[in-house]
Amino acid sequence: MRKQPPLTFADALRILGKHEPGLITTLDKALGVGILGVGATAGLATLGGVALPPLALFVLIWGWVDQKNEAMGLLRGLVRGLSGKVTGTHGLERRELIQAAHSTIVVAAFLEVLTEELGPRRKLTKHDQEHITTVTTQPAVEYLYRAMIPAPLAAQGFDEQLNQVKLWTLVAADHTGKFFSGLPDQDKPVLDDEFLVRVLGRYESRYLELAAAVPEFLIWAGLNEHAATRSVINGLHDSVRTAFETQGDALARLEALLSLPRTGEAPSPDLIALHRANQGVLTRPFVPTTERGDLEVTFPTIERIFVTPRYQITQHQATSRLADENWWDEQPVWHELDLMLAAYLTTRAATQAPMLLLGHPGAGKSLLTKVLAARLPAAEYTVVRVSLRDVQAGAPIINQVQEALDHATNHRVRWTDLVDQSADMVRVVLLDGLDELLQATPHDRSGYLQEVERFQEVEAAQERPVAVIVTSRTIVADRVIVPEGAVVVKLEQFDKRQIGSWLERWRTANEAAISSGAIGELKLDGALQHPHIAGQPLLLLMLALYAADPTSPRLDEDLSTAALYERIFDSFARREVLKHAEHPPHGDALTKAVEDQIERLSIAALAMFNRGSQHVSEADLEADLRHLCADRAVAGERVLGEFFFVHAPEAIERVKVRSYEFLHATFGEYLVARYVVHELRRVALAARYNRDGANDDRLFALLSHQVWALRTEIALFAHHILQTLPGELGLLRTILAELARTFRARRRFSTLEAYRPTPVDTVRAQAVYSANLVLLATAGARQSPQEILGDTPDEALSAWRSAIALWRTLEVGEWSTIVIALMVSTSHGQHGGLISFGDDSAEYYAAVLAQDVVLAGRHAYALGFGGEITLFHPNTREFVLGQISGRLLGKHAVVDLLGPADQVGVEGLADIAEALRLLLRVRFDDLTPEEAEEYRAFIVKYGGATSGA
């Protein structure tokens with residue numbers, strides 16, 4: 001199914017014709033094209049008894065006939081009345097009219113200035129009439145009526161919009177100039193730069209006139225602070241100006257702006273129920289738990305604590321590197337996220353492809369979707385927020401939406417009923433946590449955004465268009481296929497002003513306790529010592545809670561995230577132990593009790609991770625505790641204590657059911673890395689005295705269920721933890737290498753046989769265990785493949801190839817992730833970033849890891865031919881030759897040579913130069929027989945096996 005394109009002038013006239021059919025029909029006839037009748041190519045007009053060709057628009061309005069004045073008068077009247085047509089409308093009807101109005105002022109600006117340029121005309125001679133009957137008007141009229149007119153986009157400001165209109169005008173002027181080419185010079189319009197400036201000026205003036213009456217035009221123009229809109233705001237109606245200048249908490253201005261179209265119509269009961277569920281979030285505490293520990297802390301409501309973040313925005317292209325922080329660093333940072341979201345939701349593009357909303361852990365993506373769902377006015381928008389961690393990961397999107405509705409309304413609302421009841425409204429679906437969905441299933445969901453796009457296409461075909469926003473961690477953006485042209489937004493960290501604003505709100509909620517000294521205060525200077533932490537809202541809360549304990553040690557400026565987490569977990573665990581102990585322990589006893597608390601949390605983190613989930617039931621956690629630390633497991637109690645970073649929702653299903661989840665995914669990821677590194681230390685130290693070698697029963701039990709590469713932060717935390725053990729790092733590297741080399745011969749573990757977070761699968765367990773060991777060694781301990789898998793290069797290479805073959809037995813998504821993660825960790829940034837994710841690129845990277853030069857060259861050639869990657873590793877020559885070959889066969893339009901010469905070599909550069917010469921000949925000239933033979937030889941040579949440079 002084809003995506004709905006932008007509007008054309010013909011589309012705009014049809015839309016406007018629904019609301020004022022008489023005027024549009026008259027205008028259509030005056031223009032002479034019959035757009036609203038049987039089509040633009042129907043019928044012949046006559047001029048002085050001479051039959052005119054189809055589409056004789058120019059003949060009828062360029063001053064030689066009386067209809068010219070009538071046509072242009074009607075068009076000007078249509079433009080003047082556009083704002084009145086929009087006023088009083090709402091929902092989909094309003095959106096459609098606004099888009100039609102914009103398309104109309106673009107074409108009207110061109111026609112008005114062109115008519116003025118022509119001025120009064122002399123009487124047509126017989127020669128002129130003969131010219132008009134022979135020259136085709138098809139290209140010019142087809143362009144004016146059928147060409148897609150650039151529409152406002154949330155990813156661009158008004159200046160960028162002017163540039164798009166400029167490009168459209170240049171093409172229109174070119175077609176028009178060709179039509180007049182056969183007439184005498186005095187009858188030809190001058191379509192020069194001055195003409196272009198006049199058209200753009202007329203368009204801008206018409207645009208700002210509409211902006212004064214239609215808020216959506218003002219919102220679009222207000223993006224990126226267009227200077228001309230400031231004067232417009234002063235002349236606005238009081239209600240519009242008040243909405244535009246609203247200063248409030250939690251996207252209040254967005255709600256005020258999008259509520260301006262007042263209809264007075266009451267939503268249906270189902271819509272009211274859904275809106276209540278969405279809006280109720282605002283009054284809930286920022287942290288969704290009633291547990292406060294022994295601190296007199298007050299958690300502000302979401303409405304009070306939410307600070308609108310800064311953002312970056314782009315339209316996705318083949319060259320975009322969405323997972324690459326260096327690429328994002330080159331993009332501008334904007335403020336007024338609320339204005340951008342309001343603009344986006346009023347554009348046609350919002351219902352054609354999903355917006356991808358990216359951010360680092362703790363950036364506030366989930367909170368933003370909650371606030372957005374609550375703020376979109378119920379009279380205009382129907383909003384369903386889907387937490388992807390809480391629905392079936394492998395289900396179709398429509399099923400996920402319905403499951404979220406069931407959770408939000410206790411099965412009171414069905415999607416199909418909701419759609420029918422909101423036929424004249426804008427539907428919005430917020431899919432929160434694509435990264436968690438990818439982690440929750442071993443199946444390949446890299447095409448999830450394409451599924452979303454198809455979902456939108458189906459809904460649009462049923463005349464029920466829906467806007468979709470999908471959130472995800474930035475780091476996994478290269479694991480999904482993003483539709484071309486989709487809007488991608490990345491939330492930026494808080495700056496100093498925003499951190500200060502958040503802390504002010506925190507202090508306001510806790511004013512009494514801070515003033516009395518019951519809790520400590522995190523001041524701005526202290527928070528700014530850790531900007532990488534304080535810049536993320538949820539982690540800023542963690543700092544504030546840490547500082548709230550008057551006994552907490554001060555935070556040092558040079559702490560890594562892992563070291564900071566260690567100090568914070570120690571502080572909270574210590575307070576938990578002392579709070580509940582009848583006789584508070586001291587010294588070693590206190591240290592052991594604190595470690596026991598953290599161990600429980602670590603086992604909970606492993607229970608979630610090893611089950612491929614973001615939460616764990618109390619029953620499963622108790623079982624894991626019995627197997628992993630039987631002497632300390634306690635059934636029937638709140639087994640993890642009362643930590644702010646653990647959420648324990650409860651449900652009633654015959655008996656009380658409790659589950660646990662971390663408020664922030666990195667808490668669990670840190671604890672997994674910490675626990676495994678500590679176990680690795682135990683294995684390494686015990687191996688000194690064990691004649692039978694290392695006993696890795698427990699390590700195997702922990703590392704044989706889920707692939708670490710699916711959660712890249714775990715390996716990063718492990719690296720930072722290992723760096724704190726410089727005296728033991730050599731020993732730990734030795735034991736990792738020993739385990740990685742001997743895992744095939746290890747004895748089946750027996751002491752932890754009952755620990756089963758996943759079903760028994762011997763082959764899978766060996767594959768996952770070996771992959772995690774290698775990743776821990778390469779990414780965590782920074783070891784080379786030879787250090788890990790062999791004493792000599794040949795031994796290491798043989799082991800690499802054997803391990804890669806074993807990993808192929810895993811699910812496609814797991815296998816691909818392992819290979820790409822190892823490619824990153826073994827290169828340590830030597831070859832630049834990785835852009836693509838998928839089966840084909842994974843095969844290429846696997847061949848590179850296995851040092852199979854011929855196979856890697858073939859894959860690089862194929863990838864280059866298909867245009868699937870733009871940054872690459874060792875096989876630069878093959879990739880570039882593949883790119884050029886694809887272009888020789890017409891696959892691509894331009895050549896992007898990104899490989900530096902030192903990666904290609906002299907011979908490779910010569911091959912590339914020859915290929916380029918052939919490319920230019922194919923593109924710009926006919927080939928001689930000799931050159932055709934060269935071309936054939938080139939395809940034969942590089943279409944098969946190629947050698948690496």
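Let's start with strand β4, where M355, L357 and G359 point one way while L356 and L358 point the other way, and every one of these residues is buried. Keep in mind as you look around that this is a predicted model. Buried here means that a residue has under 20% relative accessible area. Strand β4 covers residues 355-359, and five of its five residues are buried, so the strand is largely enclosed by the rest of the structure.

Which strands pair with β4? One is strand β7, residues 466-473, which runs parallel to β4 and is joined to it by five bridges. To find a spot where the two meet, look for G359 in β4: its bridge partner in β7 is R473. Another is strand β8, residues 487-491, which pairs with β4 in the parallel sense over three bridges. Here you can look for L357 of β4, which stands opposite V489 in β8.

Now let's move on to a pair of helices. Two packed helices are described by the angle between their axes and by the distance between those axes. Helix α29 (residues 561-580) packs against helix α32 (residues 665-687) at an angle of about 95°, and the axes are 11 Å apart. Angles of 65 to 115 degrees count as roughly perpendicular, and α29 and α32 are therefore roughly perpendicular to each other.

Which residues make the contact? From α29 come A562, Y565, E566 and F569, and from α32 come T666, F667, Y670, L671 and R674. Sorted by character, the residues in this contact between α29 and α32 are six nonpolar, one polar and two charged.

Key: Residues are numbered from 1 along each chain as its sequence is written. This is a predicted model: local features need pLDDT of at least 70, side-chain atom pairs count only at pLDDT 80 or more; totals for chains, interfaces and linings use all residues. Side-chain values use heavy atoms; hydrogens and water are left out. Buried means under 20% relative accessible area, exposed over 50%, partly exposed in between (1.4 Å probe, protein chains only). Helices (H or I, at least four residues) and strands (E, at least two) are DSSP runs, numbered from the N terminus. Two strands pair if DSSP finds at least two bridges between them. Axes are lines fitted to C-alpha atoms, for helices over the stretch in contact, and angles run from 0 to 180 degrees between N-to-C directions. Angles under 35 degrees count as roughly parallel, over 145 as roughly antiparallel, 65 to 115 as roughly perpendicular and the rest as oblique. Contact means heavy atoms within 4.5 Å. Ala, Val, Leu, Ile, Met, Phe, Trp, Tyr, Cys and Pro count as nonpolar, Asp, Glu, Lys and Arg as charged, and the others, Gly among them, as polar.
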